[in-house]
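Grab a pencil and open the viewer. Below are some short exercises, each with a worked solution to check yourself against.

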Amino acid sequence: MLYGITAAATALLPAALLSAALRAPALRLRLVERRRQRDVPLSGGVAVVLVTGLVVGAGGWLGLAPPADGTPGVLAAAGAVALLGLVDDVWRLRRRVLAVGTGVAAACVVPYGETGVGTGLLAVVWVVAVALGLRGLDHADGLAGTAGVVAAFGVAACAAVEGMDGLAGAMSVLAAALTGFLLHNWHPARVGLGSCGSMSAGFVIAVGAVYARAGSGVVESAGVLFALTALVGADAVLVLGARRLGGRGVLRRGPDHLAHRLRRLGLTAPGVSLLLGIGALSGALVGVLAHAGRIGSGALWWVAGGALVVVFALSRVPVYGPRRSVSPQVSVPLRVRNG
């Protein structure tokens with residue numbers, strides 16, 4: 001536990017400094033995202049990935065870190081996901097490519113010996129969903145970072161309960177690195193997380209949660225995993241459901257996320273991130289307490305029910321413009337003026 005606290009404190013300041021230092025190079029290389037008529041450099045994700053890997057790796061190399069609990073393999077796979085995300089930040093890959101690449105990385109590190117093959121494959125799908133879901137939250141200032149910090153600390157607490165100190169320390173380092181990044185990402189954001197940072201962070205969080213719950217009941221584990229990442233799950237359910245019901249392609253971008261709808265209700269950008277962050281923290285707290293056996297698993301149903309109520313309520317907020325009807329073309333003869 002002392003190692004986790006020390007490592008987290010070590011990671012916070014370098015992540016903040018590196019996020020700021022990489023901002024100018026990202027602007028020059030046009031590694032940016034257009035957000036509300038301004039270019040936001042995507043240097044934060046690279047900083048979070050580098051600092052997390054270096055701090056955790058240095059702890060192991062110096063012999064300060066507790067037993068690894070599979071952490072090196074998870075971080076190596078997360079590095080591959082980060083590279084895939086960086087390519088997406090530069091060249092905009094198709095989402096199916098991101099999903100397949102993340103799935104392959106997850107399949108390499110899921111603990112099938114404790115979960116079984118069937119449950120392990122379900123875990124792979126869940127890891128992909130969380131990684132892409134956290135990427136989807138990166139459209140709003142401060143939101144993806146806040147969701148990542150809350151979920152990472154929640155998984156760290158679950159790992160600590162299981163005595164997996166190495167995993168708990170790595171999660172604490174990730175949470176601290178994301179906190180340092182958030183110092184520059186709060187509205188108005190000066191840096192963004194990008195696919196590199198959001199997908200790798202979501203990957204580490206999801207795989208870490210699978211490790212912490214491996215060997216437990218499938219149904220209760222599903223409830224705990226959802227509670228730890230309730231904000232990501234609720235946003236994904238809302239977006240996919242609304243697009244399907246609206247007759248739009250599920251992969252088509254649009255202003256239909258939780259944050260977009262709350263902004264339409266009049267909340268400010270910082271207010272949206274704060275409100276959704278409180279919701280994420282509430283879900284993660286229930287997940288940790290249920291994992292530790294401090295509360296009954298029935299409380300997890302309240303998290304799921306509350307998320308569904310929020311999804312249903314915000315789905316009533318109009319975000320799509322009216323469909324334009326296509327009238328049949330009428331051919332009109334052209335008049336040619338003679339010289």
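**Exercise 1.** Is Arg92 buried, partly exposed or exposed?

*Solution.* Keep in mind that you're looking at a predicted model.
Step 1: look up the relative accessibility of Arg92, which is 44%.
Step 2: compare it with the cut-offs: buried is under 20% and exposed is over 50%, with partly exposed in between.
Step 3: Arg92 therefore counts as partly exposed.

**Exercise 2.** Where does Arg92 sit along the chain, and what is its phi angle near?

*Solution.* Step 1: find helix H4 (71-91) and helix H5 (95-107); Arg92 is in the loop between them.
Step 2: check the backbone, where phi of Arg92 is near 60 degrees. That's a positive value in a residue other than glycine.
Step 3: now look at Arg30, whose phi is also near 60 degrees. Arg30 lies in a loop too, between helix H2 (23-28) and strand S1 (32-34).

**Exercise 3.** Which helix holds Ser172, and is Ser172 buried or exposed?

*Solution.* Step 1: go to residues 165-185, which form helix H9, and you'll find Ser172 there.
Step 2: its relative accessible area is 12%. Buried means under 20%, so Ser172 is buried.
Step 3: see what surrounds it. Leaving out residues up to four places away in sequence, Ser172 touches Gly4, Ala8, Phe153 and Ala156.

**Exercise 4.** Move on past H9: which two residues does a cis peptide bond join?

*Solution.* Step 1: look at the loop between H9 and helix H10 (194-213), where Pro188 is found.
Step 2: check omega for the bond joining His187 and Pro188; it's about -5 degrees, and the bond is cis.

**Exercise 5.** What does Leu300 touch, and how far apart in space are Leu300 and Gly279?

*Solution.* Step 1: place Leu300 in helix H15 (residues 298-315).
Step 2: at 7% relative accessibility, Leu300 counts as buried.
Step 3: list its contacts, skipping residues up to four places away in sequence. Among them are Glu220, Val224, Val286 and Ala290.
Step 4: Leu300 and Gly279 are 21 residues apart in sequence, and their C-alpha atoms are 14 Å apart.

**Exercise 6.** Why does the radius of gyration of the chain agree with a compact globule?

*Solution.* Step 1: with 339 residues, a compact globule would have a radius of gyration near 20 Å.
Step 2: the chain has 21 Å, which agrees.
Step 3: for more of the picture, buried residues make up 48% of the chain, which has 15 helices and 2 strands.

Definitions and conventions. Residues numbered from 1 in each chain as written. Predicted model: local features only at pLDDT ≥ 70, side-chain atom pairs only at ≥ 80, totals over all residues. Heavy atoms only, no water. Helix = DSSP H or I, 4+ residues; strand = E, 2+ residues; numbered from the N terminus. Rg over C-alpha atoms; globule rule 2.2 N^0.38 Å. Buried < 20%, exposed > 50% of the residue type's maximum accessible area, 1.4 Å probe, protein only. Contact = heavy atoms within 4.5 Å.
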